[in-house]
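Here are my notes on the model you asked me to look over. Have the viewer open while you read.

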Amino acid sequence: MSQNLLELKNISHFFQLGEGKKFKVLQQISLELNPGEIVALLGPSGSGKSTCLRIMGGLLKPTHGSVMVEGKPLSGPNPNVSMVFQSFVLLPWLSVYENVALGIAPLDLPEEEVRIRVKKVIDLVGLEGFEEAYPRELSGGMKQRVGIARALVMERPILFMDEPFSALDVLTAESLRKEVLNIWMSKKTATSSVVIVTHNITEAVSLGGRILVMGTNPGHVRVAIKNELPYPRDEKTAGFKSLVENIHDVITEAINPDTPDWIPPAFMASTVEALPPVSISEVIGLMEFIATNGGRADLYAIAQTLGKDFGQILFFAKGAELLDFVDTPKNGIVLTDLGRRFISSDVNMRKKLVHDALLQLKLCQLIREQLQAAPNYVIPHAEVVETIHNLLPNEDSEKQLETLIQWGRYGELFGYNADVQELYLDVGQENT
Ligand code: ADP
Ligand code: MG
């Protein structure tokens, strides 16, 4: 069984302000950190990124929700984590070697082991020859190398980096970012997973295997994007550029209060799959586009060609994937055999295929069972909403129901009577 290194379950946090006032800084953050991945928390200042790291590091206890480390609740500092800060926090009276060794000072290791460990990380971060130098003799980039070495020397599986390159000039930041990536890829350290906090989209796209785009007031995850561009990533490629552009769109849209909230489907740990907030015709539209493209397409390219938000395309893709009409291998999206069959079918056959696909979804199964057990096969609106809320507490249950009705109508599985506000079981398909 694979186990998360670290998991945040529905974290919300309030800071106590004066006079009994509370300030909500984080709302319902859920995140799983798997071994071997880099997760980027991307968001504007004040979106609670640093607070999130402090909670994951066990330095701050969240008001609501739980932090799990390898499946057990965390209390106190997280023993699996080491941290690199934005400011270099080096002790000016200690040499480079001594500043690095400080990372493992509390362990009271034999001198020889300290020497071996310190030397190894000093070499890894390119500080060999500077062991005896003092911080004042070092450039900003060199100082941050010391900061990184001091975290790596602790040999912990998770590395947290809180805006580690933002105090550096652009060129230094870029080369150091590459070096950190090389170290991570080389697997020469105990560090398997990295969480990097940044407000720089390019940085998030360069490093993040997953990118959590955060919004403010209160801090929350707007959308979680899986980034499968192969490492090391080349900023000049079309895939890289369009992902940057699309995330930029997500963020600028995030500032627009009129847009509906994003739901991060990838992070809802639940056996019941939430439906993405898209209509069945949008899902079909995406499939037709892929079909005219020879049955396979690139998600970034689709977003660009259709002039849509990348996040929106992800939701269409998620919808089609839930129905088993597409697969989403590396960067791409391909029609499955079922998807191809759908595309070449007439509308009645299409409805039948959607009907059958919906019956595979846990959410539809459960609601269908409830309907079958209800008098006259109807359930009042409020009751369905409550059921959905219990199944998917993190989702907007009204929105889920809206999507369920829309898909269910197409697939002739459910119907909705707006006059009496009741969901009913459509038995049309069973009878034909
Ligand atoms: P980010 O790292 O994304 O910039 P932070 O997690 O540092 O965000 O802070 C999020 C919000 O919480 C900010 O508005 C900040 O002023 C506030 N905040 C941070 N720490 C405290 C604290 N100890 N007490 C009260 N408010 C705080
Ligand atoms: Mg911060």
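The points below cover the ligand site and then a small sheet with its helix.

1. First, a caveat: this is a predicted model, so please read the distances below as computed values.

2. Start with what sits around ligand 1. The shell includes F15, F23 and V25, along with the run P44, S45, G46, S47, G48, K49, S50 and T51. By type, that splits into four nonpolar residues, six polar and one charged.

3. Now the polar contacts to oxygen atoms of ligand 1. The backbone of G46 supplies an N or O atom at 2.8 Å, and a polar backbone atom of S47 sits 3.2 Å away. K49 uses its side chain instead, with an N or O atom 2.9 Å from a ligand oxygen. As for cover, ligand 1 on its own would expose 560 Å², and the protein buries 62% of that.

4. Which elements give two or more residues to this shell? They are β2 (22-33) and α1 (49-56). Of the elements, α1 contributes the most, with three residues.

5. Further along the chain, look at the open sheet of three strands, ordered β11-β13-β12 with antiparallel pairing. β11 (296-298) and β12 (326-327) are the edge strands, each with a single partner, so one side of each has no neighbour in the sheet.

6. If you want to check the β12 pairing by eye, β12 and β13 (residues 332-335) run antiparallel and are joined by two bridges. D327 has V334 in β13 as its bridge partner.

7. Finally, helix α8 (residues 280-292) lies across β11, β12 and β13. Its direction is about 90° to β13.

Definitions and conventions:
Residues are numbered from 1 along each chain as its sequence is written. Chains are lettered from A and ligands numbered from 1 in the order in which they are written. This is a predicted model: local features need pLDDT of at least 70, side-chain atom pairs count only at pLDDT 80 or more; totals for chains, interfaces and linings use all residues. Side-chain values use heavy atoms; hydrogens and water are left out. A residue is near a molecule or strand if one of its heavy atoms lies within 4 Å of it. A polar contact is a pair of N or O atoms within 3.5 Å; within protein, one must be able to donate a hydrogen and the other to accept it, and residues adjacent in sequence count only if both atoms are side-chain atoms. Accessible areas come from the Shrake-Rupley method with a 1.4 Å probe; for residues, only the protein chains shown count as cover. Helices (H or I, at least four residues) and strands (E, at least two) are DSSP runs, numbered from the N terminus. Ala, Val, Leu, Ile, Met, Phe, Trp, Tyr, Cys and Pro count as nonpolar, Asp, Glu, Lys and Arg as charged, and the others, Gly among them, as polar. Two strands pair if DSSP finds at least two bridges between them. Contact means heavy atoms within 4.5 Å. Axes are lines fitted to C-alpha atoms, for helices over the stretch in contact, and angles run from 0 to 180 degrees between N-to-C directions.
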